[in-house]
Amino acid sequence: MSVPASATRRHTALPKARTLVEALPWLTRHHGKTVVIKFGGNAMVDEELKAAFAQDVVFLHHAGLRPVVVHGGGPQISAQLDRLGLESEFKAGLRVTTPEAMDVVRMVLAGQVQRELVGLLNRHGPLAVGLTGEDARLMSATKHYAHIDGERVDIGRVGEITAMDPGAVLALLDDGRIPVISSIAHSIDDADEGGVFNVNADTAAAALAVALGAETLMVLTDVEGLYADWPHSDDVISRLTASELEELLPELASGMVPKMEGCLHAVRGGVTTARVIDGRVQHSILLEIFTDEGIGTMVVPDPDPAPETAEEAS
């Protein structure tokens, strides 16, 4: 016996079915693809946002994608430094990292932030495995200097990634795991007594996305995306090419520079899209990947130049 149309319209599950159907082309497009997600901002300190983030990542995994999480821990590092009476200082958007501060960075990232995130993900099954950039020499780095007003400035144990060996991450992905990676890098200089560097998590996520041949880099922020004319307007640029972004970089606020430089590096290195999304919105990752609207700024490679016609060639 058929169900009356009026009863069908009243069925409470219909909106859920429509949502799933809307996601179908996106699920098909991204199936089997690697997605690198940089976890940061308010999403790291708000309990509801952290739980929603973990749900999103596990959903991606069960939907057939291969998510990899890279995290920093700015608020937690600053809080721990404050407890120890050590000053937090930033130059050119990067944390000045003394040897004493480096010990704190290492402890907080690998011993606190990573363990909490792994625990949240593993509430949904034995999925997440924690690593740092030191493990299996995933990330190797040399000392990074900031440049302020044309002058080179020493900012301590801050590293610039020089090499990536993603073998350990690929092995975990092939084993059906979700790698969770702290942005600490091994020093390429064997004579370097410090041994490790603090690496900006946006930069680390971009370098890893390139090394993995990822489909997408997603960077969670505390803003809606890249603003067209901040602070005069809060209009968000929904899409721009690598060249368009490169032109905008000198005008950006210092905090956005590492994020957007990371996006630029990713798409220039072969990643199909890089996206900056608002981590203050619950389930922002799913909204960005599986809906038509999107909620942030997407950076894409420059289009291929049009081929010469025979007339132009002559």
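Here are legends for four close-up views of this predicted model.

**View 1. Helix 3 crosses helix 5 at roughly 60°.**
Here we're looking at helix 3 (residues 47-62) and helix 5 (residues 99-122), whose axes come within 9 Å. That crossing angle makes helix 3 oblique to helix 5. As for handedness, the crossing of the two helices is right-handed. Helix 3 brings Glu47, Lys50, Phe53, Ala54, Val57 and Val58 to the contact, while helix 5 answers with Glu116, Leu117, Leu120 and Leu121. Sort those residues by class and you get seven nonpolar, three charged and no polar.

**View 2. Helix 7 packs against helix 9 at an angle of about 10°.**
The axes of helix 7 and helix 9 are 8 Å apart in this view. Angles under 35 degrees count as roughly parallel, and therefore helix 7 and helix 9 are roughly parallel to each other. On the helix 7 side, the contact is made by Asp202, Ala206, Ala207 and Val210. Helix 9 supplies Pro258, Lys259, Gly262, His265 and Ala266. The class breakdown for this contact is five nonpolar, two polar and two charged residues.

**View 3. The largest pocket has a volume of about 630 Å³.**
There are 29 residues in the lining, and the ones closest to the pocket centre are Lys38, Gly74, Asn200, Asp202 and Lys259. Two of these names should ring a bell from View 2: Asp202 and Lys259 also take part in the contact between helix 7 and helix 9. The elements that put two or more residues into the lining are helix 4 (74-83), strand 4 (94-95), helix 7 (201-212), strand 10 (216-221) and helix 9 (257-268). Helix 4 gives the most, with three residues. If you're thinking about chemistry, the lining has 13 nonpolar, 11 polar and five charged residues.

**View 4. The second largest pocket has a volume of about 520 Å³.**
This one is lined by 20 residues, with Leu94, His144, Thr203, Pro258 and Glu261 nearest the centre. Pro258 is another familiar face, being part of the helix 9 side of the contact with helix 7. Strand 6 (139-148) and strand 7 (151-164) each give two or more residues to the lining, and so do helix 7 and helix 9. Those two helices also appear among the elements giving two or more residues to the largest pocket's lining. By class, the lining of the second largest pocket comes out at 11 nonpolar, seven polar and two charged residues.

Methods. Residues numbered from 1 in each chain as written. Predicted model: local features only at pLDDT ≥ 70, side-chain atom pairs only at ≥ 80, totals over all residues. Heavy atoms only, no water. Axes fitted to C-alpha atoms, helices over the stretch in contact; angles between N-to-C directions. Helix = DSSP H or I, 4+ residues; strand = E, 2+ residues; numbered from the N terminus. Parallel < 35°, antiparallel > 145°, perpendicular 65-115°, else oblique. Left-handed = near helix turned anticlockwise from the far one by under 90°. Contact = heavy atoms within 4.5 Å. Nonpolar A, V, L, I, M, F, W, Y, C, P; charged D, E, K, R; others polar. 1 Å grid on protein atoms, 1.4 Å probe; cavity = no way out; pocket = protein on both sides within 12 Å on 5 of 7 lines; lining within 4 Å. Points joined across faces, edges and corners; volume = space filled by probe spheres on them.
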